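Q: Hi! Could you walk me through this structure, starting with the ligand and then the empty spaces?

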Amino acid sequence: MLKLFSCLLDYLMSKKIIEKNSHNLIGKDIISLDQFSPEEIKEILYTAKKLKPLRDLAKPSKILSGKIISLLFYEPSTRTFSSFTSAAQQLGAGIIPIQNAASSSSVIKGESLKDTILTLECFSDIIVLRHPENGSANEAAAVADIPIINAGDGTNEHPTQTLLDMYTIFEETGRLTNLTGVCAGDMLNGRTVKSLIKGLSLFKGNTVYLLSSEKLRIARRELHALSASGIKLIEISTEEEIPKNADFWYWTRVQKERFTNLKEYKKHKNTLVLTPRLIENYAGKKTIFMHPLPRVDEIDVSVDNDPRAVYMHKQMRNGVYVRMALLALVTGKKV
Ligand code: CP
């Protein structure tokens, strides 16, 4: 499969599809999957693949030497924060790490998002922002003169997660077209599924089944907007409706932090659990099992040992390669 991935990317290079776009991302904000062309997505994935050996072999690199990346996180994070940290440091950049911004920075004294962004732009070359409000990344980009990378804004989008998800899908299946996927869990509040649908809608022939309880279905307005982009979306509410032999299952957590009523959260949290029985009944031999993580109880831990489960190792590691690529491309560094 890896060989196929390399061949496809080499083909794209030979057609100069990627070179033609190689300056498109310099100085750009990374806010939404809406902003990308298919060629730009391929360029990011190709660059990630090129940079992968640096991390795998822990080879020192000076690609981002002299650059400083601010990591401004108002919401908790393990993966996004640490993989951006790893990506920046692997490429020789310095970091300004701010976790729990609401309690550990001058935000606690009442400083606005705008003023915090204007402050960090005095000290750094890129700001990676996670924030609980939908649209906050756009708000930051409107005031900043340096690139803003959206590391998750409320229930809206998580573009860098999607880029690593697409890298994973491409690496594992060999394509980004004519895919059948199942996204399950909290379609209403989860931002990763919305970004993933947008990303897959840039490529032809993709179908995504959205498996959730009625209450956690994607908002109607969002569903109509996403469907208008050409991707086929099919909402389902029972396991019996899962298509056999899908290319990927993308399981997600019910987002406790978005519920105002804890009883309501508890009612929904374990209604869709990925188990060996479910796999036995509905998955194909080549179906891959993905999850953006963190997982709570929605994947039985015994599934971790299934060779088709990619969430715990491959998918997470791909996050570093893709974030290395983004940092390099946005700063215009030659890879
Ligand atoms: N997938 C993801 O965004 O994980 P974190 O919340 O740990 O960053």
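A: Happy to! What follows is a chat about a predicted model, going from the ligand to the pocket, the loops and the cavities.

Q: Great. Which residues are around the ligand?

A: Around the ligand you'll find Ser-77, Thr-78, Arg-79, Thr-80, Arg-130, His-158, Gln-161, Pro-292 and Leu-293. Sorted by class, this shell has two nonpolar, five polar and two charged residues.

Q: What does Thr-80 do with its polar side-chain atom, distance-wise?

A: That atom of Thr-80 lies 2.6 Å from an oxygen atom of the ligand. For Thr-78, a polar backbone atom is 2.8 Å from a ligand oxygen. With Arg-130, an N or O atom of the side chain is 2.9 Å from an oxygen atom of the ligand.

Q: And how much of the ligand's accessible area does the protein cover?

A: The ligand has 250 Å² of accessible area on its own, and the protein covers 91% of it.

Q: Which pocket is the ligand's space?

A: The ligand takes up the space of the largest pocket. That pocket holds about 470 Å³ of space. It is lined by 22 residues, and the closest to the pocket centre are Arg-130, Arg-191, Arg-253, Glu-257 and Pro-294. Two elements, α3 (79-90) and α8 (191-200), give two or more residues to the lining.

Q: What classes are in that lining?

A: The lining of the largest pocket has five nonpolar, ten polar and seven charged residues.

Q: You mentioned Pro-294. Where is it?

A: Pro-294 sits in the loop between β9 (288-290) and α12 (311-330). A cis peptide bond joins Leu-293 to Pro-294, with omega at about 10°. Leu-293 is also one of the residues around the ligand.

Q: New topic: what is phi of Asn-245?

A: Phi of Asn-245 is near 65°, which is a positive value in a residue other than glycine. Asn-245 belongs to the loop between β7 (232-236) and β8 (248-251).

Q: OK, cavities. How many of 30 Å³ or more are there?

A: A search of the whole structure finds two. The largest cavity has about 60 Å³ of space, and the second largest has about 40 Å³.

Q: What lines the second largest cavity?

A: Its lining is Arg-253, Val-254, Tyr-265, Lys-269, Asn-270, Val-296, Asp-297 and Glu-298. By class, that gives three nonpolar, one polar and four charged residues.

Q: And the lining of the largest cavity, by class?

A: There you have three nonpolar, six polar and two charged residues. Among them are Gly-185, His-268, Lys-269 and Glu-298.

Key: Residues numbered from 1 in each chain as written. Predicted model: local features only at pLDDT ≥ 70, side-chain atom pairs only at ≥ 80, totals over all residues. Heavy atoms only, no water. Near = heavy atom within 4 Å. Polar contact = N/O pair within 3.5 Å; in protein donor to acceptor, adjacent residues only side chain to side chain. Areas by Shrake-Rupley, 256 points an atom, 1.4 Å probe, with all protein chains shown as cover. 1 Å grid on protein atoms, 1.4 Å probe; cavity = no way out; pocket = protein on both sides within 12 Å on 5 of 7 lines; lining within 4 Å. Sits in = over half its atoms within 2 Å of the grid points. Nonpolar A, V, L, I, M, F, W, Y, C, P; charged D, E, K, R; others polar. Points joined across faces, edges and corners; volume = space filled by probe spheres on them. Helix = DSSP H or I, 4+ residues; strand = E, 2+ residues; numbered from the N terminus.
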